[in-house]
Amino acid sequence: MSTTPINSKGKNYGGGYNKQYLTLLLADGVLAFVNWSLMVEFISVIWFFPMGFMGFTGWEAALLAIFTPIFLGIGFVNRIVSRFNLPIRLLAQLLAFLAIFPWAIDKASIKNDEFGIFSSPHVTKTFFVSVAVAFDWLAQCNSFANVKSAVRRERGAYAYALAIVLHAIIRLPYLSINPFMTWSNWIVFGMILVVIAFVILMRENINANDEKKSGAIWSIEHETSSSSTVATGVSFGGIIFFNQLLFSTYGLIPRWVGLNPFPYGLLVVLGIMAGVVISKKKDLVTSRNYFIFALILSAIFGWCSGTVPFIVGFIGLISASLLGTYCNSLWIVLIERVSNTEKLGQLFTSAMLTYTVLLFWAIYVVSYKFVPWWLGSTLLRERNQTLIIACVLAAGIAFVYKSLRSSGGSSSSSSTKREKSNKDQPSYPNKDVFNVLFGLLVLLLLFSVNRAITHPTDSSIAGHHYTRDLTATSVTNTAPTDIKSMIWTIHFGYDNFGRNSFPNVTKVIKDHGANIIGLLESDLSRVMTSNRDLVEWVATELHMYSDFGPEPSRNTWGCALLTIFPIISSDRVILPSPEGELACLIDAVLLIDETPVNVIVTHFGNTEDVLDRKLQTEGAAAIVKKNADMPIIFLSYITTKVNTENYRTLRASGLEDTTNEGRYCQYIFYKNLQLNKFQRFSSFDVSDTEQQVASFSVIKENKQQQQQQTQQ
């Protein structure tokens, strides 16, 4: 049973265009947006320490913060949270903003390798963000489960679905970064918005209480649900995670299928917006055929991901965008079922367990090397295609359950009644929701125009990096002839304090004047790194050509190539890795001083995986020998010391080293080029790995030979 409030003048808050309803929807949307942003950011906050220490640290237990909605199953807790829902959310979200604010850091007070709450800035941040998420998620789930007004419940569902859309859109002009979780000015702006939303919603609560006391009319609606509590919980957890995995940004899905985030990511945003439009079509959303259609799409998307031809990748992009439509269309019916569930403890236990299982699955597909086999790492290794299918199964199980129940003879009459009632209800959102969608569409258009202007193109790259020769009749852009190559492991875009390092990485590269850059540990298109994209950021900010490397769906930690020289061809290779983590390699050919130059960027496996590193070395050496006639620059992380067996294998392929200095991880090798200078630089706090820079020139004899071969 639910009640629909009607004010003393008889105006329903949900009907037609209503300024008050629109204001309340926007206020709900602000709180929902901050909550969703925190959910997306929270996993990366927890993951920073296990990433750096390559093992468990104890702070992984902070994930228990998302299990707080289980306590709503305790009556007095549920009543307290219901009564103080808005104050709890205000304090929790303000605390979160304060915790993620980039405060100045006193490095002298940091205690290395200690994990006490105040021993290091990131530990402190992790603790307070965890507390904030625990209370904010508790209050958010309470608002899902305990708002019995059909209008307010529907408004809350729309607010969350629209917040997911806004989250994907707001990252477009900021090149995959959520500014509300990163930059100080935006964090302060976010705090102001939260306070304004709190005031607006508190006024609604006060007015609603006054109307009750004055004898306002309350319409009663009887609703029944044949969905299981556990099934509803599984779908709730599945939808939350599925959105976080694929639809929390615009550019992840294009990367999975080998396309650029812009402009192809716009289709993903349009897909999740379409989900909001059809979310009131309950007969469609709850149908078995709709669910089967989503399963088929998930299989197609999984098959089309990886290094594939353009047309195959585009089919995968369309399939995944339609999956976004499916996922975001379930919110209205889902929240209706959540609010009609009495066993809230059971509901949210199944929801958060489902979320956690899918989360660990998404982490294990690439980080299986650092997790014991008895926790399932071997079983889930590289199983990301089946993960997508599992997400669809989890998200839709509540709706399949209802469909199966309805197919039985005992429930045919109740099913007929529900179908008749659904036909009497509007099949599209009200005008206020469409107004918000229109506003989001305008934002998307404006941000797209901005990105189109700043997106790297041949002309913009030439304008920023080439010498321009002007004559009375022509303009000629001449590319540099000197090569300045750089290799750097950028620690997944985090500095040594767990903060976003994108601007600092960009500044370092720019200061070095490097024009061929190999970045390692560069694949951030994962749920545990908030689905960011450092390659897109640097390529756009510095106006460079880029190769992302093996797609995220191929389960490496990433290696990327950025350059001001045209990329003639590029091959993305997964080197043999039978025991440990997958090793990536980019085999590219650049046109430098009218000469094809082979540039190889690679990241080998870990020290303890001896067989892997041996096979990877042999595989890389074979690629070098295949390109023996070309000048070669080999930018690498080969995990070995100078003069070891693997080092000698690479040298035997014809590569020369840039220095005799002792190294262990990063190396720059070369062949058929003139080495002019080699330097090593400390990264200080930007990364935990040094930068190496080597300058080369194309040997004129090689250049002439290449030109003769081209003419022949």
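At 22% relative accessibility, Arg-572 counts as partly exposed, and this residue of a predicted model offers a convenient place to begin. The side chain of Arg-572 meets that of Glu-551 in a salt bridge, with 2.7 Å from N to O. Because Arg-572 lies in strand β9 (residues 567-575) while Glu-551 lies in the loop between β7 (545-547) and β8 (559-563), the pair ties together parts that are 21 residues apart in sequence. The partner in the loop is covered: Glu-551 has a relative accessible area of 2%, and is therefore buried, since buried means under 20%.

This pair belongs to a wider set, for the structure holds 19 salt bridges. Another of them joins the side chains of Arg-155 and Glu-204, at 2.9 Å from N to O. Here the link is between distant parts of the chain, with Arg-155 in helix α5 and Glu-204 in helix α6 (residues 184-213), 49 residues apart. Are these two charged residues buried or exposed? Arg-155 is buried, its relative accessible area being 3%, and Glu-204 is buried as well, with a relative accessible area of 7%. The two residues are also part of a network of salt bridges in which Asp-28, Arg-152, Arg-155 and Glu-204 are linked.

A further salt bridge is formed where the side chains of Lys-282 and Glu-336 meet, with 2.6 Å between N and O. This pair, too, links distant parts of the chain, since Lys-282 belongs to helix α10 (residues 282-285) and Glu-336 to helix α13 (residues 331-339), 54 residues apart. Both Lys-282 and Glu-336 are buried.

Helix α5, which holds Arg-155, can be followed along its whole length. It runs through residues 150-170, a total of 21 residues, and reaches 30 Å from its first C-alpha to its last, close to the 30 Å expected at 1.5 Å a residue. Most of this helix is covered, as 19 of its 21 residues are buried.

From charged side chains we may turn to aromatic ones, among which 32 aromatic pairs are counted. One of them is made by Trp-137 and Phe-236, which are stacked, with 6.1 Å from centre to centre and 20 degrees between the planes. Trp-137 lies in helix α4 (residues 121-146) and Phe-236 in helix α7 (residues 229-246), so that this pair ties together parts that are 99 residues apart in sequence. Trp-137 is buried, with a relative accessible area of 0%, and Phe-236 is likewise buried, with a relative accessible area of 1%.

How are the rings of Phe-144 and Phe-236 placed, stacked or edge-to-face? Their centres are 5.9 Å apart and their planes stand at 75 degrees, so the pair of Phe-144 and Phe-236 is edge-to-face. Phe-144 lies in helix α4 and Phe-236 in helix α7, so this pair ties together parts that are 92 residues apart in sequence. Phe-144 and Phe-236 are both buried. The three residues just described are members of one aromatic cluster, which is formed by Trp-36, Trp-137, Phe-144, Tyr-160, Phe-236, Trp-331 and Phe-348.

Elsewhere, an aromatic ring is found together with a charge: the charged end of Arg-532 sits over the ring of Tyr-494, at 4.3 Å from the centre of that ring.

The surface adds another part to the picture. Ile-292, Ile-296, Ile-300, Phe-310, Ile-311 and Ile-315 form a nonpolar patch there, and together these residues have about 530 Å² of accessible area. Which helices supply the patch? Helices α11 (288-304) and α12 (310-328) each contribute at least two of its residues. Ile-296, one of the residues in the patch, is found in helix α11 and counts as partly exposed, its relative accessibility being 46%.

A last residue to visit is Phe-684, in the loop between β15 (673-681) and β16 (691-698). Phe-684 has a relative accessibility of 67% and so counts as exposed, the cut-off for which is over 50%. Although Phe-684 and Asn-496 are 188 residues apart along the chain, their C-alpha atoms are separated by 8.6 Å.

Notes:
Residues are numbered from 1 along each chain as its sequence is written. This is a predicted model: local features need pLDDT of at least 70, side-chain atom pairs count only at pLDDT 80 or more; totals for chains, interfaces and linings use all residues. Side-chain values use heavy atoms; hydrogens and water are left out. Patches are made of residues with over 30% relative accessible area and no salt bridge: like charges are joined within 9 Å, nonpolar side chains (Val, Leu, Ile, Met, Phe, Trp, Tyr) within 5 Å. Accessible areas come from the Shrake-Rupley method with a 1.4 Å probe; for residues, only the protein chains shown count as cover. A salt bridge is a side-chain nitrogen of Lys or Arg within 4 Å of a carboxyl oxygen of Asp or Glu. Helices (H or I, at least four residues) and strands (E, at least two) are DSSP runs, numbered from the N terminus. Buried means under 20% relative accessible area, exposed over 50%, partly exposed in between (1.4 Å probe, protein chains only). The expected span of a helix is 1.5 Å times one less than its number of residues. Rings of Phe, Tyr and Trp (its six-membered ring) pair if their centres lie within 6.5 Å; planes under 30 degrees apart count as stacked, over 60 as edge-to-face and the rest as tilted. A charge sits over a ring if NZ of Lys or CZ of Arg is within 6 Å of the ring centre and within 35 degrees of the ring normal.
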